[in-house]
2 protein chains.
Amino acid sequence: MTTVREGIILAACRLLEKQGYPATGLSEIVKESGSPKGSLYYYFPGGKEQIVSEAVLFAGNILVERMRDELSKYDNPIQALYEYIMKLAGKVEEKNFFASNPLTIVAVEAAGTSERISQACQDVYAQIQEVLQEKMVCCGLSETEAARQATLTLASLEGSIILSRVYRTSDPLRTLAEHLKDSLPQSKTSLTPQAEDDR
Amino acid sequence: MTTVREGIILAACRLLEKQGYPATGLSEIVKESGSPKGSLYYYFPGGKEQIVSEAVLFAGNILVERMRDELSKYDNPIQALYEYIMKLAGKVEEKNFFASNPLTIVAVEAAGTSERISQACQDVYAQIQEVLQEKMVCCGLSETEAARQATLTLASLEGSIILSRVYRTSDPLRTLAEHLKDSLPQSKTSLTPQAEDDR
DNA sequence: GTCTATACGGTGATAGAC
DNA sequence: GTCTATCACCGTATAGAC
């Protein structure tokens, strides 16, 4: 339906995750998308800020949904996170170590530049944190302790993604995955997953 | 001595940590530095790439040195890291949540753009990791286990810095500091610091 | 060493024709 | 809806005078 609009958003996502906000030009986006150049300001009267904001939210929603799906495959949050991060490590390798969404880089760049984009990034981070927190609660943690663990997990994840990108290895992500198995020992449930080997 | 050269490097550091690599212009740097504009390509014939690379290495060396100093104040690596991160949290607040060096943002941006800058970032990260690893070894960890823990700590630190910047709170950093006290229980030494209250 | 001038290409954004 | 033309400004980098 909204092929042109969505095409532009998707192209923006692809370019942003590699180059970031200021380095990605509008002409580059329309060229990458294959969409008609004249439609840019018709669909996005807010200009570059609007396109980037929407791209962050769009990619963020997909990420959050995928995360929730993956984490729901295992009852135990530790096992679930382990599997999720290992899958992410594989994806990052396939993509030549450019992480699978424009969130991190745009968030850092826009923090002092665009309030609108920065707000979009905050929203996505809050959603991710909520997904993690919900999963931690199942673990038997209190609400506040779960929030704490969610923040820590998110920080470790973001940092590992950065290190993987810089070093061009998925090792930091895999190290994190292995470590999580041991470092959330507050878990009151067993390590037995809901479905361990049928996936 | 090298007042002009150093002035440009320092100005580059200040601007890079707020805006990043592509968003920071050469004219902006010379203006910020107050240095003569005509000297830019005299001191830095390699252009923008050279300036940014040197800025990253310069700020990185200071960071590594400061880190080594702070960590050496306490024998126990956990206590040392706790104090270091808490101090960092205070600094980040003072600086309006723009972290104290251009490393993170430039590393992420330059990963797919400039090999030279990317290499400089890798070097600094490797140095930081080495400092952490050395400190972990004192903890009684094996060499490989110390390397693992250093990677994890660095990732958590980077991620917390990003979250602090995005949310404009030092909470993620403080949460990390508190957590570290409990999550490196492999420590074989006591928690008693070398000098706890005389600083 | 430092200056000015300039080359050359890019940027985001707008106006008006179709 | 899409195009082209155009705006004013920006970027990096170089050349040559002083």
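# Notebook: two protein chains and DNA strands C and D

I began with Glu70(A), which counts as buried because its relative accessibility is 11%; I use buried for under 20% relative accessible area, exposed for over 50% and partly exposed for the range in between, with a 1.4 Å probe and protein chains only. The model is predicted, so I accept local features at pLDDT of at least 70 and side-chain atom pairs at pLDDT 80 or more, while totals for chains, interfaces and linings use all residues. Residues are numbered from 1 along each chain as its sequence is written, chains are lettered from A and ligands numbered from 1 in the order in which they are written, and side-chain values use heavy atoms, with hydrogens and water left out.

**Two glutamates of chain A**

I placed Glu70(A) in helix H4 of chain A; helices here are DSSP runs of H or I with at least four residues, strands are runs of E with at least two, and both are numbered from the N terminus. I then looked up the partner of its side chain and found a polar contact with the side chain of Lys87(A) at 3.0 Å. By polar contact I mean a pair of N or O atoms within 3.5 Å; within protein, one must be able to donate a hydrogen and the other to accept it, and residues adjacent in sequence count only if both atoms are side-chain atoms.

I turned next to Glu6(A), which belongs to helix H1 (residues 3-19) of chain A. Glu6(A) counts as partly exposed, with 43% relative accessibility. I also took its C-alpha to C-alpha distance to Val166(A), which is 30 Å for a separation of 160 residues in sequence.

**DNA strand D**

I listed the residues near strand D, where near means that a heavy atom of the residue lies within 4 Å of the strand. There are 13 residues around DNA strand D, and those that come nearest are Pro36(A), Lys37(A), Ser39(A), Leu26(B) and Tyr41(B). I sorted the residues of this surface into five nonpolar, six polar and two charged; Ala, Val, Leu, Ile, Met, Phe, Trp, Tyr, Cys and Pro count as nonpolar, Asp, Glu, Lys and Arg as charged, and the others, Gly among them, as polar. Of the strand D atoms within 4 Å of the protein, 77% are sugar or phosphate atoms and the rest belong to bases.

I looked up individual phosphate contacts. The side chain of Tyr41(B) has an N or O atom 2.7 Å from a phosphate oxygen of strand D. For Tyr43(A), a polar side-chain atom lies 3.1 Å from a phosphate oxygen of the strand, and for Gly38(A) a polar backbone atom is at 3.0 Å from one. Two or more residues of the surface near strand D come from each of helix H3 (40-43) of chain A and helices H2 (26-33) and H4 (47-71) of chain B.

**DNA strand C**

I repeated the search for strand C. Of its 13 surrounding residues, Leu26(A), Tyr41(A), Pro36(B), Lys37(B) and Ser39(B) come nearest. Sugar or phosphate accounts for 75% of the strand C atoms within 4 Å of the protein, and bases for the rest. I found phosphate oxygens of strand C at 2.7 Å from a side-chain N or O atom of Tyr41(A), at 3.0 Å from one of Ser27(A), and at 3.0 Å from a polar side-chain atom of Tyr43(B). Helices H2 (26-33) and H4 (47-71) of chain A and helix H3 (40-43) of chain B each supply at least two residues of this surface.

**Aromatic rings**

I found two aromatic pairs over all chains; ring centres of Phe, Tyr or Trp (its six-membered ring) must lie within 6.5 Å, and planes under 30 degrees apart are stacked, over 60 edge-to-face and the rest tilted. Tyr42(A) and Tyr43(A) are edge-to-face, at 5.1 Å between centres and 80 degrees between planes. Tyr42(A) is exposed at 65% relative accessible area, whereas Tyr43(A) is partly exposed at 26%. Tyr42(B) and Tyr43(B) are edge-to-face because their planes stand at 80 degrees, with centres 5.0 Å apart.

I also noted that the charged end of Lys181(A) sits over the ring of Tyr82(A), 3.9 Å from its centre; the cut-offs are NZ of Lys or CZ of Arg within 6 Å of the ring centre and within 35 degrees of the ring normal.
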